[in-house]
Amino acid sequence: MMHTITMPLLLLALLISSGCSPITPWVKPYERNNLADPIMSFSPDPVEAGYMHHVYQAREGARGAEGGGGGGCGCN
């Protein structure tokens with residue numbers, strides 16, 4: 001009886017403690033310039049993406065959408 005309770009608790013403790021391991025980056029510092037290449041962007045048109053980002057920040061500025069300034073009125 002004790003073995004059936006102890007084993008799942010031990011496995012649960014190991015599973016929970018594995019979340020405490022340090023996070024290591026998957027991308028090395030010398031590989032990051034490849035990810036910063038404009039071809040890796042989600043939007044094919046960077047001007048449109050910048051404008052939509054500005055509109056989104058102005059619309060959600062009252063809540064602090066992405067940390068940008070503005071009060072939600074569209075002005076900077």
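Colour the chain by pLDDT to begin: among its helices, mean confidence is lowest in H2, at 79, and highest in H1, at 84. This is a predicted model, and the mean pLDDT over the whole protein chain is 74. Residues that reach 70 or more make up 74% of the chain.

Next, switch to a cartoon view. Three helices and zero strands make up the secondary structure, and the order along the sequence reads α-α-α.

Now select residues 2-17, which are helix H1, and show the side chain of Leu-9, which has its place in this helix. Is Leu-9 buried or exposed? Its relative accessible area is 52%, and the limit for exposed is over 50%, so Leu-9 counts as exposed.

Keep Leu-9 on display and add Ile-5, Leu-12, Leu-15 and Ile-16. Together with Leu-9, these residues form a nonpolar patch on the surface. The accessible area of the patch is about 500 Å².

Move on to residues 32-35, helix H2, and pick out Arg-32. How accessible is Arg-32? Its relative accessibility is 45%; partly exposed covers values between the 20% and 50% limits, and therefore Arg-32 is classed as partly exposed.

With Arg-32 still selected, show its contacts. Which residues does Arg-32 touch, leaving aside those up to four places away in sequence? They are Pro-25 and Val-27.

Finally, turn on the molecular surface for the whole chain. The accessible surface of the protein chain comes to about 6,900 Å², and carbon and sulfur atoms account for 67% of that area. To end, colour by relative accessibility: of the 76 residues in the chain, 4% are buried. Leu-9, visited earlier in H1, is exposed, while Arg-32 in H2 is partly exposed.

Key: Residues numbered from 1 in each chain as written. Predicted model: local features only at pLDDT ≥ 70, side-chain atom pairs only at ≥ 80, totals over all residues. Heavy atoms only, no water. Patch = residues over 30% accessible without salt bridge, like charges linked within 9 Å, V, L, I, M, F, W, Y side chains within 5 Å. Areas by Shrake-Rupley, 256 points an atom, 1.4 Å probe, with all protein chains shown as cover. Salt bridge = Lys/Arg side-chain N within 4 Å of Asp/Glu carboxyl O. Helix = DSSP H or I, 4+ residues; strand = E, 2+ residues; numbered from the N terminus. Buried < 20%, exposed > 50% of the residue type's maximum accessible area, 1.4 Å probe, protein only. Contact = heavy atoms within 4.5 Å. pLDDT = per-residue confidence, 0-100.
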